[in-house]
Amino acid sequence: MTGNPLSLQPSDRAPQLLVAAGVDVPGDAVIGANVVIHAGVVLGAGVVIEDAVVLGKVPALGGGSKSPQAMPVSTHLGDGAIVGSHSTVSAGAWIGARVYVGDHSLVREGSRLGADTSIGHACTIGRDAVVGERVRMQGYCGLATGVLVEDDCFLGPMVIMLAGITMGAIGKDPAPAVLRRGSNIGSAAQILTGVEVGAGAVVGAGAVVTHDVPPGVTVAGVPARPLN
Ligand SMILES: CC(C)(COP(=O)(O)OP(=O)(O)OC[C@H]1O[C@@H](n2cnc3c(N)ncnc32)[C@H](O)[C@@H]1OP(=O)(O)O)[C@@H](O)C(=O)NCCC(=O)NCCS
């Protein structure tokens, strides 16, 4: 399309579908209206891309952004993945087979969603965050840059996992939060920077988790303490 700064071309596959040159849209893909697929996107067989989805977007960075300026360009959607309407999958994200991305979600550059994982409505998966396989994440969860969620975890709605500066501990730069395999996180819990939740542990609804949780232990409250 002449004059289009993103070098996108209209396609006859769906109303208002714009596809960058070189992107192959599989014949069995289901594509909604007003979808934009940028350069470097690789689509698996049978993907479902709902209305108003943007794939492979290189984020526009504001002047104060600390995000890397050089973005990875290859974006992967595995076989049978579903991306819900109005979601954005940034450049360099890797989405495994049969993953479900809920409507209005944002999957940032360099992040990874393992096979058979499901993320609910309006979730944000931060830059370079890693989510394992068969994870169930309900709506409105927020994962900060670089956090790790291992296989088979469950996150209730509105769970927040943090990374980066603590604000209370100037000069410290602790690791992003981690959920080990099979842990269960109650609704609206917050897992603070540097905290590791052990395998099979349970975090109560509304907890603020400030210290590591041993495997298999249940914690609740603010700050979170083990339940007797
Ligand atoms: C933490 C949790 C797992 C504990 O369940 P449980 O082992 O059955 O515990 P109980 O209900 O017997 O409660 C034990 C004690 O912990 C307290 N408690 C329970 N959940 C709590 C919570 N989230 N925060 C603070 N205290 C909590 C109870 O009031 C009770 O205190 P008491 O002995 O002084 O009365 C559960 O209450 C919870 O928060 N689950 C998360 C559910 C969720 O968010 N699911 C999302 C899906 S939609």
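**Figure 1. Val54 of strand β7 stands opposite Thr88 in β10.** This is a predicted model. Strand β10 covers residues 88-90, and three bridges join β10 to β7 in a parallel run. Val54 also stands opposite Val36. The strand pair concerned is β4 (residues 36-37) and β7 (residues 54-57), which run parallel and are joined by two bridges. Strands of a sheet pair through backbone hydrogen bonds, either parallel or antiparallel.

**Figure 2. Ala52 in the loop between β6 and β7.** Ala52 is not a glycine, yet the phi angle of Ala52 is positive, at about 60°. Of the strands that flank this loop, β7 spans residues 54-57, and β6 spans residues 48-49.

**Figure 3. The open sheet of eleven strands, with mixed pairing.** The strands follow the order β3-β6-β9-β12-β15-β18-β21-β24-β27-β29-β30. At the edges are β3 (30-31) and β30 (225-226), each of which pairs on one side only. Within the sheet, strand β6 (residues 48-49) and strand β9 (residues 82-83) run parallel and are joined by two bridges. Ile49 has Val83 of β9 as its bridge partner.

**Figure 4. The cis peptide bond from Val222 to Pro223.** Omega for this bond is near -10°. Pro223 sits in the loop between β29 (218-220) and β30. Strand β30, at the end of this loop, is an edge strand of the sheet of eleven strands.

**Figure 5. The open sheet of eight strands, with parallel pairing.** The order here is β5-β8-β11-β14-β17-β20-β23-β26. The edges are held by β5 (41-43) and β26 (196-197); each has a single partner strand, so one side of each is left without a neighbour in the sheet. Strand β8 (residues 75-77) pairs with strand β11 (residues 94-95) in the parallel sense, over two bridges. Leu77 has Ile95 in β11 as its bridge partner.

**Figure 6. The salt bridge of Arg134 with Asp152.** The closest N and O atoms of the pair are 2.8 Å apart. Arg134 lies in the loop between β17 (130-131) and β18 (136-137), and Asp152 in the loop between β20 (148-149) and β21 (154-155), so the salt bridge ties together parts that are 18 residues apart in sequence. The count of salt bridges in the model comes to nine.

**Figure 7. The interface of domain 1 and domain 2.** The domain assignment of the chain gives domain 1 as 1-59 + 70-128 and domain 2 as 138-228. Nine residues from domain 1 and nine residues from domain 2 take part in the contact. The C-alpha centres of the two domains lie 28 Å apart. The size of an interface is often given as the accessible area lost when the parts come together. Between domain 1 and domain 2 the buried area is about 660 Å², with carbon and sulfur atoms giving 50%. On the side of domain 1, the residues that lose the most area to domain 2 are His121, Thr124 and Arg127, which together account for 45% of what that side buries.

**Figure 8. Polar contacts across the interface of domain 1 and domain 2.** Five residue pairs are in polar contact between the two domains. Zero salt bridges are found across this interface. The side of domain 1 that touches domain 2 comprises three nonpolar, four polar and two charged residues.

Note on methods. Residues are numbered from 1 along each chain as its sequence is written. This is a predicted model: local features need pLDDT of at least 70, side-chain atom pairs count only at pLDDT 80 or more; totals for chains, interfaces and linings use all residues. Side-chain values use heavy atoms; hydrogens and water are left out. Domain bounds come from an automatic or database domain assignment. Contact means heavy atoms within 4.5 Å. Buried area is the accessible area (1.4 Å probe) that two parts lose on being put together, summed over both. A salt bridge is a side-chain nitrogen of Lys or Arg within 4 Å of a carboxyl oxygen of Asp or Glu. A polar contact is a pair of N or O atoms within 3.5 Å; within protein, one must be able to donate a hydrogen and the other to accept it, and residues adjacent in sequence count only if both atoms are side-chain atoms. Ala, Val, Leu, Ile, Met, Phe, Trp, Tyr, Cys and Pro count as nonpolar, Asp, Glu, Lys and Arg as charged, and the others, Gly among them, as polar. Two strands pair if DSSP finds at least two bridges between them. Helices (H or I, at least four residues) and strands (E, at least two) are DSSP runs, numbered from the N terminus.
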